Amino acid sequence: MFKKTLFAMALLCALPAYAAEIPITGNVESKCIVQMDTLGVYGNPTPSVLSTDNVDGGMTPIVRFDVIQASFYKARITYPNAFSSSPALSDVPTWTGSVAVGQVSDANMSAYSSALVTYDNVTEVDLTVAGSTWFDITSRVDYGFTTALPAGTYRAILSAECIAL
Amino acid sequence: MLLAYSSYSYSDTVYGSTSNAASAGYAWVMTNILPQQAGLTVGNVVYRYTAVKNTDDDMVVHIQNDNARDEGYIFRSSDDWSGLPGNTINKIVPADNVDISYWGDGSIQVDGFGTVEDASVRYTYQYDPCFDPQSRPDCPGYIAPVDYSLEALVYEEDQQYIQDELDRKKTLQNEEEQEEANRKAMLAKKRRESDERLEVLLGIVNTDELSQEQLIKHGQLTAMNMLSSSYYTAIPGGTYQETIKLIDGKLPDSKKGLRVNLATQILHQKMVDLQYDN
């Protein structure tokens, strides 16, 4: 009897101890998508002005926000305040711009027009309705007083972001 | 290694989008908008318009289609702009692939104050071009139709043949009837002449009662051999044997009858074969 007990204890002591770490992964895909609808083009109505306004010969850039889940994101749009590339400038240009709600996929999104929050060259709005919203962005550059912009290609970049609330 | 090969035929589904249904006004007839294809279904309604209104006004815009097979609407999307500033709306509304037969006339209806401008309404659709297998020869299950024009041609030929045959038979029958009528007329004429001669002959026994003129007439007839000698010649008694015999003892088939029989057989065979033409 005693021998049997010792044998059982020895057997238990011989069992190895196992441990495992099991990873758990998950992916989160944004339920808010930003799409470039229309590329912008600067028009040059006068030698000292660049403008995306259609009246000035430009083309207004349009950005579309597609929101699958309402009230979880806000749109942040930043119109440019500097050229990303341009000829050498001897004077400092003055930048202005605006963001407006263009088209909507739901009538309730029309309320975004009065809910836009603007500071500096940034415009933000909470996307409280699921669907698509088109934002029209304008950009204008005034280059000094009676000073012509140097000939060449000018590029500027606007930013559109979907930020989780 | 197991190699498997399969071959099957199928038809590709056609996807498309209509033109702007609201281009000519805010009411439209769907038969002028959707392709009239059997089995066509509408997947989405894509519309855009600009609502022009005062922010404080109430305004509801309906994009809708009547239910062509029942009362009410088969599609209706409403945008409530009440208390909101006007704007341009751009919307895609799923239509659950409803069959074309349900899509009645469409319209844009505005309730409240405000107007709709620059409206665009388009329908996305899909259909199987072989929904009806008979629509195209390359569709699975297509059955080639019988060429009725060719059948009509054959039928006309047969009809002409039958008519010719009937005309020929009728002509033949008329000729035979005419011959029979001529033969009967000839026999009747001979019988009348014979009767007249018989009357004259029988009158001989009463010669005494005949006038001189009649006697002269009788003499003339006798001289002209107009009267059969059997009328006044004693016929010896006895048995008269049959003297007319068929020399070779064989009666040949009528070639005319064979031709008619053969033509009838050919016509019958053609009519039977027509049942098995593809």
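Two strands count as paired here if DSSP finds at least two bridges between them. I start with that because the sheet I want to show rests on it, and the model is a predicted one.

So, chain B. Four of its strands make an open sheet, in the order β2-β7-β4-β5, with antiparallel pairing. At the edges stand β2, residues 27–28, and β5 of chain B; each has a single partner strand, so one side of each has no neighbour in the sheet.

Now the β4 and β7 pair. Strand β4 of chain B covers residues 59–67 and strand β7 of chain B covers residues 103–112; eight bridges join them, and they run antiparallel. To find your place in that pair, look at B:Asn65, which sits opposite B:Gly106 in β7(B).

Next, the contact between the chains. Ten residues of chain B and ten residues of chain A take part. On the chain B side, the elements that give two or more residues are β5 (73–80) and β6 (88–99). The most comes from β6(B), with four residues. Sorted by class, that side of chain B has four nonpolar, three polar and three charged residues.

Which strand of chain A is joined to β6(B)? Strand β6 of chain A, residues 93–104, through two bridges, and the strands run parallel. One residue to look up there is A:Val104, whose bridge partner in β6(B) is B:Ile89.

To go back over the strands: β5 of chain B is an edge strand of the open sheet, and β5 is also among the elements on the side of chain B that touches chain A. Within chain B, β4 and β7 run antiparallel, while the β6 strands of chains A and B run parallel.

Methods:
Residues numbered from 1 in each chain as written. Chains lettered and ligands numbered in written order. Predicted model: local features only at pLDDT ≥ 70, side-chain atom pairs only at ≥ 80, totals over all residues. Contact = placed C-beta atoms within 7 Å. Nonpolar A, V, L, I, M, F, W, Y, C, P; charged D, E, K, R; others polar.
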